[in-house]
Amino acid sequence: QQGECTVDAAHMGADLERVLVTEDEIQAKLAELSQEIADEYAGKDVLLVGVLKGAVMVMADLMRALPITAPVDWMAVSSYGSGTKSSGVVRILKDLDTDISGKHVLIVEDIVDSGLTLSWIRSNLESRNPASVEICTLLRKPEAAKVEVDVKWVGFDIPNEFVVGYGLDYAEQYRGLRQVGTLAPHVYS
Ligand code: XMP
Ligand code: MG
């Protein structure tokens, strides 16, 4: 059930082995974080930067939870290297549409795994003279960290296992799941 195959909604949930974060937990956490973020950026020129494709769900729900209005821009990057492991060598597939100089940038991410991708994105954006760069991520795997990334807002620390759902994919599938979980072994084989 990978590659060009499509997994239908009924099978999508069944393919999860274990739910790590439920839909309710995600929404409650985003409500909490959005308050803190709104307080931090009150009266400031803030730009939300989402990293495609995984961050689409977090961005959609976070921006709707935010009691302030803020423009949104997107970046798409790809890590060189094979498989599901990040190499830290990053290529920009789609750059921001916006000039961020003088702006307070909030990077919105789905997951910090090794931290290599995000630390590269952060220094790339910092080189463009923004007023500030902070990071908000829904998920973080503390045991997988290869570099320290200063993440101001973290939704959930999760174990070092491959997860899908809520924007996260396996072979481009499962991004539409409303919860985050690990995949059942039968999916891989
Ligand atoms: P790091 O922090 O290792 O992560 O540079 C780079 C990107 O890899 C993706 N990623 C995952 N995707 N399940 C996924 O579906 C996972 O468990 C997972 N861990 C990392 C994600 O796009 C992240 O930005
Ligand atoms: Mg991915």
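This short presentation covers the surroundings of ligand 1, the salt bridges and the nonpolar core of the structure shown above.

Good morning. Please keep in mind throughout that this is a predicted model.

I shall begin with the ligand. Which residues come nearest to ligand 1? Of the 16 residues around it, the nearest are Asp113, Ser114, Thr117, Val163 and Asp169. Three of these deserve individual attention. Asp113 places a polar side-chain atom 2.6 Å from a nitrogen atom of ligand 1. Thr117 also uses a polar side-chain atom, and this one lies 2.6 Å from an oxygen atom of the ligand. With Val163 the contact comes from the backbone: one of its N or O atoms is 2.6 Å from a nitrogen atom of ligand 1. On its own, the ligand has 510 Å² of accessible area, and the protein covers 84% of that.

Let us now ask where the shell around the ligand comes from. Strand β5, residues 104–112, and helix α4, residues 116–126, each supply at least two residues of it. The most is given by β5, with four residues. Sorted by class, the shell consists of six nonpolar, four polar and six charged residues.

I turn next to the salt bridges. How many does a search of the whole structure find? The search finds 14. I have chosen three pairs and one network for discussion.

The first pair on my list is Arg18 with Glu161, whose closest N and O atoms are 2.7 Å apart. Arg18 sits in strand β1, residues 16–21, while Glu161 sits in the loop between β7 and β8, so that the salt bridge links distant parts of the chain, 143 residues apart. Are these two residues buried or exposed? The answer lies in between, because buried requires under 20% relative accessible area and exposed requires over 50%. Arg18, at 39%, is therefore partly exposed, and Glu161, at 28%, is partly exposed too.

The next pair is Glu40 and Lys152, whose side chains meet in a salt bridge at 3.5 Å, N to O. Glu40 belongs to helix α2, residues 23–41, and Lys152 to the loop between β6 and β7, so this pair ties together parts that are 112 residues apart in sequence. Glu40 has a relative accessibility of 30% and thus counts as partly exposed. Lys152, with 38%, is also partly exposed.

The remaining pair is Arg122 and Glu134, with closest N and O atoms 3.9 Å apart. Here helix α4 holds Arg122 and strand β6 holds Glu134, so the parts that are tied together lie twelve residues apart in sequence. Both of these residues are buried. As for the network, salt bridges that share partners join Lys53, Asp169, Glu172 and Arg175. Asp169 has already appeared in this talk, among the residues that come nearest to ligand 1.

Finally, the nonpolar core. In soluble globular proteins, nonpolar side chains tend to be buried together. In this model, the largest nonpolar core has 26 residues, and those touching the most other members are Ile37, Leu106, Leu138 and Leu139. Which elements each supply at least two residues of this core? They are α2, β2, α3, β5, β6 and β7. The largest share, five residues, comes from α2.

To close, I would draw your attention to β5 once more. This strand gives the most to the shell around ligand 1, and it also supplies at least two residues of the largest nonpolar core. Thank you for your attention.

Terms used: Residues numbered from 1 in each chain as written. Chains lettered and ligands numbered in written order. Predicted model: local features only at pLDDT ≥ 70, side-chain atom pairs only at ≥ 80, totals over all residues. Heavy atoms only, no water. Near = heavy atom within 4 Å. Polar contact = N/O pair within 3.5 Å; in protein donor to acceptor, adjacent residues only side chain to side chain. Areas by Shrake-Rupley, 256 points an atom, 1.4 Å probe, with all protein chains shown as cover. Nonpolar A, V, L, I, M, F, W, Y, C, P; charged D, E, K, R; others polar. Salt bridge = Lys/Arg side-chain N within 4 Å of Asp/Glu carboxyl O. Buried < 20%, exposed > 50% of the residue type's maximum accessible area, 1.4 Å probe, protein only. Core = buried A, V, L, I, M, F, W, Y, C linked by side-chain atoms within 4.5 Å.
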